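Hi,

Here is the structure I promised to pass on to you. Have a look at it first, and then read on for what turned up in it.

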Amino acid sequence: MTSATDALPPASQSIPSAPVPAVDPEPDTKDWTWVLERRCPECGFAAADVAASEIAATLRDLVPRWVSVLHRPDARVRPAPATWSALEYGAHVRDVMRVFGTRVQLMVEQDDPVFENWDQDATALADRYDQQDPVVVADELAEAAEVTAARFDAVGDDAWDRTGLRANGSAFTVRTLGQYFLHDPVHHLHDVRG
């Protein structure tokens, strides 16, 4: 997927008020697990710097920024044909929160679960992210964030090293899953200048 920052006009120019004809973005096939080892050069987030005990609070701190982004009058407007709008990014982040909330729950309740594959690009198309209501998405994102944050809050001190596997074989502990997960809402806030 093309980064929104690659396609945004300079700050001195205005973002178009009329919708840009949409083109399906290129699927994101990158393996982002490297964010557990080094700072993201695009958004500046350093996943490894977030202590396990801070994952839930960090997630909750992001919610007002996302709600604000989704209440912008231009939330539906794509900055370029193949770059998601703030609405589409917000719907994606909402769903990421739901998926990772389920994954952390599985890791706490089961030994070495293997996570079902989730095709984020297919979900965006099937669920018509571009046609959803930004205000509803904001509410749903806030709700999903709270559910997921509560699940991280409930992780016992002896459970942070429990493991799980992504379908592609990437291994996580509860701690690294949370750190990896947080990069998504942070990075996409950067994409939408939130």
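A disulfide is a pair of cysteine sulfur atoms within 2.5 Å. With that cut-off, a search of the whole structure, which is a predicted model, comes back with zero disulfides.

How far is the sulfur of C40 from the closest cysteine sulfur? The distance is 3.7 Å, and the partner is C43, so the two are too far apart for a bond. Seen from the other side, C43 is in no disulfide either, and its nearest cysteine sulfur is that of C40. As for its surroundings, C40 is buried, with a relative accessible area of 2%.

Next, please find helix 2 (residues 55-70) and helix 5 (residues 134-153). Their axes come within 9 Å and cross at roughly 180 degrees. Angles over 145 degrees count as roughly antiparallel, and helix 2 and helix 5 are therefore roughly antiparallel to each other. On the helix 2 side, the contact is made by I55, A56, L59, R60, V63, W66, V67 and L70. Helix 5 brings a list that includes P134, V137, L141, E146, F152 and D153. What classes of residue make up this contact? There are 16 nonpolar residues, one polar and three charged.

Helix 6 (174-191) is worth a stop too. This helix has 18 residues and reaches 26 Å from its first C-alpha to its last, close to the 26 Å expected at 1.5 Å a residue. Is helix 6 mostly covered or mostly uncovered? Mostly covered: 15 of its 18 residues are buried.

Last come two backbone angles. Most residues other than glycine have a negative phi. Two residues here have a positive value instead:

- R193 lies in the segment after helix 6. Its phi is near 55 degrees, although R193 is not a glycine. With 47% relative accessibility, R193 counts as partly exposed.
- D112 sits in the loop between helix 3 (86-109) and helix 4 (120-126). Phi of D112 is near 45 degrees, again positive in a residue other than glycine. D112 counts as partly exposed as well, at 49% relative accessibility.

If you would like a place to begin, try C40 and C43, with their sulfurs 3.7 Å apart, and then follow helix 6 along to R193.

Happy exploring!

Technical notes
Residues are numbered from 1 along each chain as its sequence is written. This is a predicted model: local features need pLDDT of at least 70, side-chain atom pairs count only at pLDDT 80 or more; totals for chains, interfaces and linings use all residues. Side-chain values use heavy atoms; hydrogens and water are left out. Buried means under 20% relative accessible area, exposed over 50%, partly exposed in between (1.4 Å probe, protein chains only). Helices (H or I, at least four residues) and strands (E, at least two) are DSSP runs, numbered from the N terminus. The expected span of a helix is 1.5 Å times one less than its number of residues. Axes are lines fitted to C-alpha atoms, for helices over the stretch in contact, and angles run from 0 to 180 degrees between N-to-C directions. Angles under 35 degrees count as roughly parallel, over 145 as roughly antiparallel, 65 to 115 as roughly perpendicular and the rest as oblique. Contact means heavy atoms within 4.5 Å. Ala, Val, Leu, Ile, Met, Phe, Trp, Tyr, Cys and Pro count as nonpolar, Asp, Glu, Lys and Arg as charged, and the others, Gly among them, as polar.
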